[in-house]
Amino acid sequence: LTAGLVAGGLRPIVPGGGYFVVCHTTSVPAGGPSAPDALADDTAFARRRDYIAGTFLTAEVGVTGLPIGGFFSPEHRQLSDNLLRFAFCKTDPEIDEAARRLAFARHAASETGSTSSSPAG
């Protein structure tokens, strides 16, 4: 999973164990076609960058990263703005497909300046 996340332009924090890999997501757009839907939700959580980046990845790439801001106290929540967690309690084919989609989206973004091309195939 970590190799696939790197291929998709994300920077994983490699865990010693568990079911999730947390990644830095500064390479993920915090805008684009899926952002208005996220911003339509009037909760403070839905306006957070990690939520918007996670929504973007789900809608545009078909890979879901979960925001971790809820695990932080309000005064430290900004520390999670550029972090998402990805589950690796999946089958190898599911992880391979997620890696393929992330790599496709990164390649499409580098060619067009946008990741709005669908990687589903």
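This is a short walk through one structure, from its sheet to its largest pocket and then to two loop residues.

First, a caution: the model is predicted.

Let's start with the sheet. It is open and built from four strands. The order is 1-2-4-3, and the pairing is antiparallel. Which strands sit at the edges? Strand 1 and strand 3 do, since each pairs on one side only.

Look at the pairing of strand 1 with strand 2. These two run antiparallel, and three bridges join them. For a landmark, take Ile13. Its opposite residue is Val22, in strand 2.

Now add a helix. Helix 3 covers residues 49–61. Which strands does it lie across? Strand 3 and strand 4. Against strand 4, helix 3 runs at about 45°.

Next, the largest pocket. Its volume is about 270 Å³. The lining takes 15 residues. Closest to the centre are Val63, Thr64, Ala87, Lys90 and Ala98. Two elements give two or more residues to that lining: strand 4 and helix 4, residues 92–112. Which element gives the most? Helix 4, with six residues.

On to the loops. Begin with the one between strand 3, residues 66–67, and strand 4, residues 83–87. Ser80 is found there. Is Ser80 buried or exposed? Its relative accessible area is 0%, so Ser80 counts as buried, the cut-off being under 20%.

What does Ser80 touch, leaving aside residues up to four places away in sequence? The list is Arg48, Asp50, Ile68, Gly69 and Phe72. There is also a polar partner to check on screen. A polar atom of the Ser80 side chain lies 2.8 Å from the backbone oxygen of Arg77. That pair falls within the 3.5 Å limit for a polar contact.

The second loop joins strand 1, residues 11–13, to strand 2, residues 20–24. Gly18 is found in this loop. Its relative accessible area is 48%, so Gly18 is classed as partly exposed. The exposed class needs over 50%.

One last distance. How many residues separate Gly18 and Cys89 in sequence? The answer is 71. In space, their C-alpha atoms are 8.9 Å apart.

To recap the two loop residues: Ser80 is buried, and Gly18 is partly exposed. For the pocket, keep helix 4 in view, as the element that gives the most to the lining.

That's the tour.

Key:
Residues are numbered from 1 along each chain as its sequence is written. This is a predicted model: local features need pLDDT of at least 70, side-chain atom pairs count only at pLDDT 80 or more; totals for chains, interfaces and linings use all residues. Side-chain values use heavy atoms; hydrogens and water are left out. Buried means under 20% relative accessible area, exposed over 50%, partly exposed in between (1.4 Å probe, protein chains only). A polar contact is a pair of N or O atoms within 3.5 Å; within protein, one must be able to donate a hydrogen and the other to accept it, and residues adjacent in sequence count only if both atoms are side-chain atoms. Contact means heavy atoms within 4.5 Å. Two strands pair if DSSP finds at least two bridges between them. Axes are lines fitted to C-alpha atoms, for helices over the stretch in contact, and angles run from 0 to 180 degrees between N-to-C directions. On a 1 Å grid over the protein atoms alone, a cavity is a set of points where a 1.4 Å probe fits but cannot get out, and a pocket is an open set with protein on both sides within 12 Å along at least five of seven lines; lining residues have an atom within 4 Å of a point. Grid points are joined across faces, edges and corners, and a volume is the space filled by probe spheres set on the points.
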